[in-house]
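Here is a set of short exercises to work through with the model open in your viewer. Try each task before you read its solution.

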Amino acid sequence: MTDLVAIGEVMLELSSTDAPHALSTAKVGVAGDTFNTAVYAARHGANVAYFTQLGDDPYSAKMLALLADEGINTEGIVQLEGREPGLYMIANRADGERTFHYWRSQSPAREMLTTASAVALFRRCIERSKIVYLSGITLAILPDQALDALHQSLCEYKAQGGQVAFDSNYRPRLWQSHQKAKAVIQRFMSITDIALLTDEDEQNLWGCESATQVAQQHVATAVKVLIVKRGAKDVVSFTRTEGDDAFLPPVFIDVPQVKTVVDTTAAGDSFNGAFLAAHLAGKSLSVSISCANQCAGSVIKHRGAIAPKNATV
Ligand code: ADP
């Protein structure tokens, strides 16, 4: 039985390995925020399914094989005829920072949940799971009609006892406007049970200057566990029981120091995957956060979103 269903987009990832914007060499991988979370959750023992749409090209076939190799259920993945998945490139800049370039506007994932049969498949896929995980990127790529179908399906899923986990992962370039992003994210935060947020996204979205302000921002939602990731700084968690107006005082969990950070791509995604797996396994909140810190700390020692299987904890 599936414990966790992640929904979103998986893309080809090209990471430049040498000079800024070099055209000669790039490593090819497969990544996407919710896909990354699904992979790390599965590696931490959770029973995971991934829901998306792909093409029928050889790269989509590779993605399906990779998901299967990670032990992730792919029954919810529809392959659209004559289509190809999106692509992004992580390029090195002269100053040592990285830039991200995307070719994803035509990707099949953007048409998820736009037909009655796709919505029915999604509902069947999540029916017996414990948690559905999505992000602000999942929301940003979907048309309004699909957002309505997703919201309605999740409301019914929650009524049957399911839980929604969400990371706002705010990427301004994916949204028509800041206003639209706030409205859509607010709509899904209001039905979120477990919020796995990052200080920077919350500052850019809502202007929150501290973890306490983040908790305050979301106090009127369904959120019962709210976690604020802050890079190398300690993680802040807030909890409350159903029906409580306010969160309990925050608990701070140390982030182990990582001496050589190679690439922080997927730090937050891997944190979320390991956290959800530990949480599903019945670990306490602080133990789940410590597992998540360990996992993210090992992922950032490697280039690209998905670290080699034997290299992560
Ligand atoms: P995101 O990738 O969403 O921006 P963060 O940068 O907040 O998320 O990082 C998520 C988690 O990754 C942190 O909570 C921490 O566990 C780990 N992490 C990120 N950067 C560092 C770092 N420099 N040193 C140690 N751990 C880190």
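## Warm-up: strands and sheets

In strand E4, Phe51 is the bridge partner of Ile7. A note before we go on: this is a predicted model, in which local features need pLDDT of at least 70, side-chain atom pairs count only at pLDDT 80 or more, and totals for chains, interfaces and linings use all residues. Residues are numbered from 1 along each chain as its sequence is written. Helices (H or I, at least four residues) and strands (E, at least two) are DSSP runs, numbered from the N terminus.

**Exercise 1.** Describe how E1 is paired and covered.

*Step 1.* Take E4 (residues 48–51): E1 pairs with E4 in the parallel sense over four bridges. Two strands pair if DSSP finds at least two bridges between them.

*Step 2.* Turn to E9 (residues 131–135), which runs parallel to E1 and is joined to it by three bridges. Here Leu4 stands opposite Ile131.

*Step 3.* Look at both faces of E1 (residues 4–7): Leu4 and Ala6 on one side, and Val5 and Ile7 on the other, are all buried. Buried stands for 20 or more other C-beta atoms within 10 Å of the residue's own, with C-beta atoms placed from the backbone. In a regular strand the side chains alternate between the two faces of the sheet.

**Exercise 2.** Place E1 in its sheet and find the edges.

*Step 1.* The order is E4-E1-E9-E10-E11-E12-E13-E14, an open sheet of eight strands with mixed pairing.

*Step 2.* E4 and E14 (251–253) each have a single partner strand, so one side of each is left without a neighbour in the sheet.

*Step 3.* On average, neighbouring strands of this sheet are turned by 20° against each other, direction ignored.

*Step 4.* For one pair inside the order, follow E11 (residues 194–198) to E12: the two run parallel and are joined by five bridges. Ile194 has Val225 in E12 as its bridge partner.

**Exercise 3.** Which strands are the edge strands of the sheet E3-E2-E7-E8?

*Step 1.* Four strands make up this open sheet, and the pairing is mixed.

*Step 2.* E3 (26–31) and E8 (98–103) are the edge strands, as each pairs on one side only.

*Step 3.* E8 runs antiparallel to E7 (residues 87–92), with six bridges joining them. One of the partnerships is Asn92 with Arg98 in E8.

## Loops and ligand

**Exercise 4.** Examine phi at Leu113 and Ala266.

*Step 1.* Most residues other than glycine have a negative phi, and most peptide bonds are trans.

*Step 2.* Leu113, although not a glycine, has a positive phi of about 60°. Leu113 lies in the loop between E8 and H3, and counts as buried because it has 22 C-beta neighbours inside 10 Å.

*Step 3.* Ala266 also has a positive phi, near 70°. Ala266 sits in the loop between E14 and H9; with 27 C-beta neighbours inside 10 Å, Ala266 counts as buried.

**Exercise 5.** How many residues surround the ligand, and which are the closest?

*Step 1.* There are 17 residues around the ligand, and the closest are Lys229, Ala232, Ala267, Gly268 and Ala296. The cut-off is a C-beta atom, placed from the backbone, within 6 Å of the molecule.

*Step 2.* The elements giving two or more residues to this shell are E12 (225–230), H9 (267–280) and H10 (285–299).

Definitions and conventions: A residue is buried if 20 or more other C-beta atoms lie within 10 Å of its own, exposed if 12 or fewer, and partly exposed in between; C-beta atoms are placed from the backbone. Axes are lines fitted to C-alpha atoms, for helices over the stretch in contact, and angles run from 0 to 180 degrees between N-to-C directions.
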